[in-house]
Amino acid sequence: GLKMQTNRLMSFTQKFVIDEWRAFCILGFDVTESGLSPEYIRIYIKPYDGRLDQEVRSHARTVTKLLEKGDALDSIAEDHTKESIVGNILHYVKNNMEDIIACKQTEKEVKLSTDPYRKIK
């Protein structure tokens, strides 16, 4: 028979404003002896845009598969440029992992841009 696995995943949500889009990133972590390890990422875009939404979702699924396979978030982030929404979020998450886990940042929206020449103040 099927054994029910106890769900030890914890998830955190972070809000972003990327270019003119609002993005919600849900990060799932597995609770291990050595701490939390990222297991999956889901990203939702508002306002809804079919093409972009599809792109971001399939992109996030690919990242999730890599995480499930055991790849480190850091190395996955390094493979992505900040010129994509998912790449932007991955870099942000990588650089702010402790704060995200400590839920320090969920109150304010994080502003990002996919334009490499635009510096955000």
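Where is the place of P47 in the chain? P47 sits in the loop between β3 (35-46) and α1 (50-69), and the peptide bond leading from K46 into P47 is cis, with omega near -5°. Most peptide bonds are trans.

The model is a predicted one, in which local features need pLDDT of at least 70 and side-chain atom pairs count only at pLDDT 80 or more, while totals for chains, interfaces and linings use all residues. Residues are numbered from 1 along each chain as its sequence is written, and side-chain values use heavy atoms, with hydrogens and water left out.

The protein chain holds 4 helices and 4 strands; helices (H or I, at least four residues) and strands (E, at least two) are DSSP runs, numbered from the N terminus. Read from the N terminus, the elements follow the order β-β-β-α-α-α-α-β. Of the 121 residues, 38% are buried, where buried means under 20% relative accessible area, exposed over 50%, and partly exposed in between (1.4 Å probe, protein chains only). The accessible surface amounts to about 7900 Å², and carbon and sulfur atoms account for 51% of that surface; such areas come from the Shrake-Rupley method with a 1.4 Å probe, and for residues only the protein chains shown count as cover. Among contacts (heavy atoms within 4.5 Å) between residues at least 6 apart in sequence, 46% join residues at least 24 apart.

The strands form an open sheet of 4 with mixed pairing, in the order β3-β2-β1-β4; two strands pair if DSSP finds at least two bridges between them. At the edges stand β3 and β4 (110-112), each with a single partner strand, so one side of each is left without a neighbour in the sheet. From one strand to the next, the twist averages 30°. Strands β1 and β4 run parallel and are joined by 3 bridges; I18 has L112 of β4 as its bridge partner.

Two helices can be placed against this sheet. Helix α1 lies across β2 and β3, running at about 170° to β3, whereas α3 (residues 85-95) lies across β1, β2, β3 and β4 and runs at about 120° to β1. For these angles, axes are lines fitted to C-alpha atoms, for helices over the stretch in contact, and values run from 0 to 180 degrees between N-to-C directions.

A last backbone detail concerns D19, in the loop between β1 (9-18) and β2 (21-32). Its phi is near 55°, a positive value in a residue other than glycine. Most residues other than glycine have a negative phi. With 27% relative accessibility, D19 counts as partly exposed.
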